[in-house]
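Here are some short exercises to work through with the model open beside you. Try each task before you read its solution.

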Amino acid sequence: MTSNARLAQLSHTILEKTKIVTDHLASHNLTAPSWDVDGAVDFPIPESAGEAYTARVDLIAATKELHDLTLGPKQGLSWLSWDFINNLSLQAIWEFRVPEFVPLTGSISFEDLTAKVVAANDFKIGVMNLRRLIRHAMLNHIFIEPRKGFVAHTSVSRMLLEDEPMANWVGYMCRDLWKPAAHVVDAMKKWPGSEEPTETAVNHAFEQSLPWYDYLQSVPEKARRYNLAMKLHSGNEGFSVGHTVRGYAWGKLGEATVVDMGGNQGFVSFAIAEAFPKLKFVVQDTEGMRKPEAMGPMPAHLEERVTRTVHDFFEPQTVVADVYFFRWIFHGFSDKYNIKILRALRPALRKGAKVVINDGTLPEPLTASYLQERNIRTMDAFNQVTVNAREREIDDWSELFRLADERYKFTGAWKPENSHMWFIEAEWTG
Ligand SMILES: C[S@@+](CC[C@H](N)C(=O)[O-])C[C@H]1O[C@@H](n2cnc3c(N)ncnc32)[C@H](O)[C@@H]1O
């Protein structure tokens, strides 16, 4: 296909996919998001909507490609190089609490806004400086200028004001992770090939030697921001515990014991135990997670089948079980430490015991949508920034088991429908 024909083909795809999306919205009496201050901020088509969801995902990919091709490679690359300025204007607006001083109805002049921002922040900032940052942010739909010299909210800037998890997510990214991201290359040069959580861009940027989560906990403001920011995705359908319950043949285990390692308060084990009454669970976590204030309540009817204990997964396992289950654990560690975790299981493993991992997995190149690939590759990059860990491809999972011990037989990896997390399974043959 010629490059001219590709442009035409993309615009045709966009027309076709937009129609599927708008027909779905109309037939379900739904409203598309907009920049209007009262506009919807979430696209109201969940993954479970099937064709309409896929059309939206295709639309995002096609509009991106058409946009990039229309810019052309040269202008595209030069823009990409200076795109960190997007983050700068957002960071300034967040840091100086600008959204608080813009009225939700009507508008405010740059002069009056600057006076309020200066009073609230207690340091000098000129009208010109604030105006240029805000006008830049407007390119990303953060505020509008309804008439020259006046600022008004949009649905985007309103989220910075009213959506606490989102505002903290913005702060976490712009304030806490932006500087480390700029130090990744220097950290890679300083500690070549490091798999240590204390030799990361975060250590380099903040000139400190703690692992990321310990560092976060040592600065209360950052710890609070992190905890609130993480709530942004807690309602995400793709990460729902329901996929963990339905995505594995738990029923086929019969009367079996599952050790939920790094299982936190036990909410995942509770959900699986509810659905599979023959299963027993031992939920292991660190000492800190077993303090009364961190434990959370245990549903009374599960007390017989779920116990919560202290166990460090780097130490030899003592509980003999049918399944050792790890959800959201492996992607937070480098291979070196994951191999340690797998080796520490060996004293308790009996022939036929299973290791079941529920975690992210990198798609094979060109097999996933642009949206999926962008999400998981961005998460993978953040794992490097903060903890020197990584997301893995299916082959990497198989190799990880082989490196830990040849007696692990990798039995497969699969993604339940609509889930963002995969199951990865191995069996102990020793
Ligand atoms: C990302 S959370 C995952 C929690 C839970 N599995 C889930 O699916 O939401 C990681 C958990 O691992 C626990 N953890 C971290 N280091 C650990 C260790 N060395 N031994 C046991 N648990 C650990 C943390 O306390 C935390 O509960």
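**Exercise 1: two helices**

Task: how are H4 and H6 oriented to each other?

Solution. H4 and H6 are oblique to each other, a class for angles outside under 35 degrees (roughly parallel), over 145 (roughly antiparallel) and 65 to 115 (roughly perpendicular). To see why, start with the angle: helix H4 (residues 84-95) and helix H6 (residues 127-138) pack at about 120 degrees, their axes 9 Å apart. Helices here are DSSP runs of H or I, at least four residues, and axes are lines fitted to C-alpha atoms over the stretch in contact, with angles from 0 to 180 degrees between N-to-C directions. Next, look at the contact (heavy atoms within 4.5 Å): Ile85, Asn86, Leu88, Ser89, Ala92 and Ile93 in H4 meet Leu133, Ile134, His136 and Ala137 in H6. These residues divide into seven nonpolar, three polar and no charged.

This is a predicted model, where local features need pLDDT of at least 70 and side-chain atom pairs pLDDT 80 or more, while totals for chains, interfaces and linings use all residues. Residues are numbered from 1 along each chain as its sequence is written, and side-chain values use heavy atoms, without hydrogens and water.

**Exercise 2: two loop residues**

Task: is aspartate 122 buried or exposed, and is asparagine 388 buried or exposed?

Solution. First, locate aspartate 122 in the loop between helix H5 (110-121) and H6. Its phi is near 60 degrees, a positive value in a residue other than glycine. At 71% relative accessibility, aspartate 122 is exposed (over 50%; buried is under 20%, partly exposed in between, with a 1.4 Å probe and protein chains only). Then turn to asparagine 388, in the loop between helix H17 (370-387) and H18. Asparagine 388 has a phi near 60 degrees, and at 13% relative accessibility it counts as buried.

Notes: Ala, Val, Leu, Ile, Met, Phe, Trp, Tyr, Cys and Pro count as nonpolar, Asp, Glu, Lys and Arg as charged, and the others, Gly among them, as polar.
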